[in-house]
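Here is a short walk through one model, with its chain contacts, a helix and its domains in turn. Have the sequence and coordinates open as you read.

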Amino acid sequence: MNKLLLTGVALGALLAMAGSANAAYVLGMKGPGAGNPFWAAVEQGAKDKGAELGVDVIVVAPPAESDVQAQITQIEDLIAQKVDGIALAPTDPNALAPVVDAAKAAGIPVVFVDTRGTNEGTTFIGTNNEVGAALAADYMCKNLPAGSEVAILQGLISQSTGQARAEGAKKGLEGCGLKVVAEQTAEWDRAKGLAVTENILAGNPNIKGIFGSNDNMALGAVEALKAAAKLQDVMVVGFDANPDAAASILAGEMTASVAQAPGNMGGLGIQALVDLKAGKTLEPWIDTGTVLVTKDNAADYQ
Amino acid sequence: MSDTPATKTGFSLRGPGMSKFLEVYGIVLVVVVMMAVLAAIKPEVFLSAQNLTNILKQNASLALLALGMYVVIVTAGIDLSVGSVMGLAMVALAMASKAGVPWPLVLLIGPAIGLAVGWVNGIGLTVLKLPHPFIMTLGTLNVARGLTYLISNGAPISGLQPEVRYIGQAYFGFGLPPPAGLPASLILVAVCAVGLWFFLEKTNMGRHIFAIGGNPHAARVSGINVDRTLVVVYMISGFMAGLSGLLLAGRTDSGFPNAGIGIELDAIAAVIIGGASFFGGRGTVLGVLAGVLIMGILRNGLNINNVSAFWQQILIGLVIIIAVYIDVLRRRAAVRR
């Protein structure tokens with residue numbers, strides 16, 4: 001009886017897959033949308049676009065953020081299912097490059113969203129992180145006296161996002177005459193952001209501004225500054241505009257952050273796949289844009 | 001412990017007395033030497049009250065994990081689940097704090113989760129008779145981390161009650177400019193360390209724990225309830241991991257689901273650097289604390305000299321190997337004598 005039931009369920013699932021006449025496009029994210037507002041927004045953008053264009057959107061993500069191995073497995077399984085296109089946010093561009101090539105070899109169009117991959121000739125749809133970081137740097141320049149000492153908390157500098165944000169910030173800060181006295185990685189992590197900031201403060205007591213390459217590290221920096229009773233004297237600017245950061249900005253602790261447009265990534269990603277399938281050619285980079293988030297507009301990001 | 005040779009031949013500074021001294025305090029000397037070197041390279045920063053405070057604050061949660069891990073390693077066991085327990089404790093207590101659970105109860109959540117996971121580990125080892133603690137705790141490492149993602153939906157939970165944050169964040173300034181001072185977390189570490197030392201050295205169960213590590217079969221034959229003792233050992237380790245989560249949540253004002261990933265390896269490294277034997281039956285609480293400080297001071301010293309984080313990882317790896325090799329040499333010399 002049980003066996004019969006199982007067989008029935010399996011058959012039903014197969015029929016459901018085969019029965020759908022719509023083209024099926026896949027959004028492969030770095031982490032689960034449940035809980036992470038960023039990925040939830042990417043997912044929503046893709047699904048809305050799918051509904052608008054009348055195509056099926058399948059969303060897959062590794063169970064834990066940045067699980068490279070799980071993502072490779074998922075993409076391999078999708079290639080086997082012969083989907084119509086994959087919009088992929090690669091957890092590790094180099095590690096994912098071979099399966100992306102395999103997908104293309106199987107005739108499945110691929111675009112990258114959020115994080116640029118290494119495969120030649122593959123369109124990237126996402127934030128220009130260097131421009132976003134420069135936006136943050138520009139804000140710090142305008143609001144700090146020239147020659148002030150500032151520090152940069154880098155993300156993982158083995159990732160292109162981490163590199164682009166650190167470089168964009170450094171160029172921007174130094175370009176307007178601020179003095180970058182410390183650049184250290186805190187690996188995107190709040191506890192490490194806190195510890196690294198403590199160490200930076202020990203060596204550089206005159207610091208006036210800190211750029212955190214993501215909000216988690218910036219919020220860690222805020223905690224370190226609070227403990228040192230220096231929060232009033234030091235401006236902290238983050239990146240991502242996550243809900244915690246928005247709340248912190250509204251509370252007057254963090255000063256600003258930079259928001260990406262995750263909904264655009266999902267939506268434009270699916271649009272790009274549909275265009276590729278229709279034989280159109282795409283720009284190599286479709287910028288989804290960045291916005292500076294301060295007290296004035298932080299309420300929108302909570 | 002047999003003390004007949006020493007009492008018969010008497011003590012001499014160059015003989016067993018000196019080697020005994022080195023056995024117990026040699027590792028502390030390493031800490032002192034490291035501090036002296038860093039003080040010489042960057043005196044104005046390294047020896048500042050602020051920086052010394054930083055070292056204590058940044059390593060308090062690792063110290064608690066390592067103390068718990070030490071008890072397990074004394075029994076020739078291993079507890080891989082501590083990092084996940086820490087993450088689970090942080091997320092659970094942050095959720096409770098956000099939900100308005102009274103703070104005295106929130107404080108208990110971390111340790112309670114730790115005790116529960118520790119109990120499960122102990123039962124898996126003694127009742128299910130899984131062949132090695134590596135396996136059971138590898139299982140609970142995954143289960144606890146999965147639960148952490150499940151209940152938090154993968155998102156951090158920030159903004160804790162001030163009372164919950166206290167132990168992880170408060171410090172006593174004694175008139176020093178902030179943020180220098182004596183961290184409250186250090187007091188918790190000291191209380192745990194002294195309590196653990198007393199438990200291991202002065203109680204019957206503590207002595208049983210060493211006996212199990214030295215020779216489980218002999219321990220069983222001599223009437224020690226090995227199974228019950230092992231369950232208690234893993235519960236101690238879990239308890240410490242839960243407390244450690246309370247510290248880190250307080251320090252960061254957040255329960256974030258990725259907290260503590262891989263930190264069990266740091267805890268194991270600290271215990272081993274501190275001179276405990278992987279084969280059980282040997283080690284000291286003082287050595288464990290020194291092991292934590294060696295890793296902490298190394299990281300701090302490289303940070304304040306702006307050395308890349310990549311180098312830090314390489315150096316910590318080398319320190320683990322060198323520390324244990326020195327131990328091997330010393331032991332060999334002791335056997336020859």
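In this predicted model, 25 residues of chain A are in contact with 28 residues of chain B, where contact means C-beta atoms, placed from the backbone, within 7 Å. On chain A, β7 (179–185), α7 (190–203) and α8 each give two or more residues to the side that touches chain B, and α7(A) gives the most, with nine residues. Helices (H or I, at least four residues) and strands (E, at least two) are DSSP runs, numbered from the N terminus.

The table sorts two contact sides by class: Ala, Val, Leu, Ile, Met, Phe, Trp, Tyr, Cys and Pro are nonpolar, Asp, Glu, Lys and Arg charged, and the others, Gly among them, polar.

| Side | Nonpolar | Polar | Charged |
|---|---|---|---|
| Chain A, touching chain B | twelve residues | eight residues | five residues |
| Domain 1 of chain A, touching domain 2 of chain A | five residues | two residues | one residue |

Now for α8(A): twelve of its 13 residues are buried, that is, with 20 or more other C-beta atoms within 10 Å of their own, these atoms being placed from the backbone. Among them are D215(A), M217(A) and E223(A). Just after α8(A), A229(A) has a positive phi of about 55 degrees.

An automatic or database assignment splits chain A into domain 1 (21–126 + 261–288) and domain 2 (129–260). Their centres, taken over C-alpha atoms, are 30 Å apart, and eight residues of domain 1 of chain A contact six of domain 2 of chain A.

Residues are numbered from 1 along each chain as its sequence is written, and chains are lettered from A and ligands numbered from 1 in the order in which they are written. Local features need pLDDT of at least 70 and side-chain atom pairs count only at pLDDT 80 or more, while totals for chains, interfaces and linings use all residues.

Conventions. Contact = placed C-beta atoms within 7 Å.
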